[in-house]
Amino acid sequence: MDAFETAELVAAQDRPGEHTYVDFLRKELLSLGVSVWPAGGEDTQQPHTEDEVYVVMSGRGQIHVAGEDRPVKPGSVVYVGAGVEHRFHSVEEDLHVLVFWAPPSGSRGGAAAPGDSAGH
């Protein structure tokens with residue numbers, strides 16, 4: 001069985017002041033990861049070749065999707081379609097975000113994760 005505790009996933013990502021991303025589940029049609037954007041940090045990700053759903057577990061900031069801004073906080077859920085420009089900004093408190101990818105991250109030839117050196 002694949003089962004996880006979000007508190008443990010967040011604790012494993014605790015690198016103050018750094019953006020981090022880790023996939024923790026990868027299946028044929030879906031992958032999940034946890035991404036952390038530090039307060040005051042910069043999100044340099046580019047559009048992905050897969051659909052994404054972001055679920056904010058903790059922190060506060062803004063997300064820019066297809067020319068529109070909206071605040072995010074714990075409990076915020078944001079869908080971003082493949083190829084759509086998006087990024088987090090104005091991060092007031094470290095953002096810990098659960099990321100759902102369909103199909104799995106990088107499976108359509110794009111970079112594998114938000115914020116990685118392959119253009120995210």
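Here are some short exercises on this predicted model, each with a worked solution.

Residues are numbered from 1 along each chain as its sequence is written, and side-chain values use heavy atoms, without hydrogens and water. As this is a predicted model, local features need pLDDT of at least 70 and side-chain atom pairs count only at pLDDT 80 or more, while totals for chains, interfaces and linings use all residues.

**Exercise 1: the overall picture**

Work out which pattern of helices and strands the protein follows along the sequence.

Solution. Start with the terms: helices (H or I, at least four residues) and strands (E, at least two) are DSSP runs, numbered from the N terminus. Next, count them: there are one helix and six strands. Now read along the sequence, and you get α-β-β-β-β-β-β.

**Exercise 2: size and cover**

Find out how the radius of gyration fits the value for a compact globule.

Solution. The radius is taken over C-alpha atoms, and the globule rule is 2.2 Å times the number of residues to the power 0.38. For 120 residues, that puts a compact globule near 14 Å; the protein has 13 Å, which agrees. Then look at the spans: along the principal axes, the C-alpha trace covers about 35 × 35 × 25 Å. Last comes cover, where buried means under 20% relative accessible area, exposed over 50%, and partly exposed in between (1.4 Å probe, protein chains only). By that rule, 38% of the 120 residues count as buried.

**Exercise 3: strand S2 and its neighbours**

Say which strands pair with S2, and in what sense.

Solution. First, the rule: two strands pair if DSSP finds at least two bridges between them. Take strand S1 (residues 20-26): S1 and S2 are antiparallel over six bridges. The two form a hairpin, with four residues between them, and Asp23 has Gly33 in S2 as its bridge partner. Now take strand S6 (residues 86-102), which runs antiparallel to S2 and is joined to it by seven bridges. Here Val36 stands opposite His96 in S6.

**Exercise 4: two faces of one strand**

Decide which residues of S2 point one way and which the other way.

Solution. Begin with the general idea: side chains in a regular strand alternate between the two faces of the sheet. In S2, Ser31, Gly33, Ser35 and Trp37 point one way, and Leu32, Val34 and Val36 point the other way. Then check the cover: S2 (residues 31-37) is mostly covered, with seven of its seven residues buried.

**Exercise 5: unusual backbone spots**

Find where a positive phi turns up in a residue other than glycine, and which residues a cis peptide bond joins.

Solution. As background, most residues other than glycine have a negative phi, and most peptide bonds are trans. Step one is Ala66, with phi near 50 degrees. Ala66 sits in the loop between strand S3 (51-65) and strand S4 (68-72), and is exposed at a relative accessible area of 60%. Step two is Ser90, whose phi is about 50 degrees. Ser90 belongs to strand S6 and, at 45% relative accessibility, is partly exposed. Step three is the cis bond, which joins Ala102 and Pro103 with omega about -10 degrees. Pro103 lies in the segment after S6.

**Exercise 6: a loop residue**

Is His48 buried or exposed?

Solution. Locate His48 in the loop between S2 and S3. Its relative accessibility is 4%, so His48 counts as buried. Finally, check a distance: the C-alpha atoms of His48 and Gly33 are 14 Å from each other, with the two residues 15 apart along the chain.
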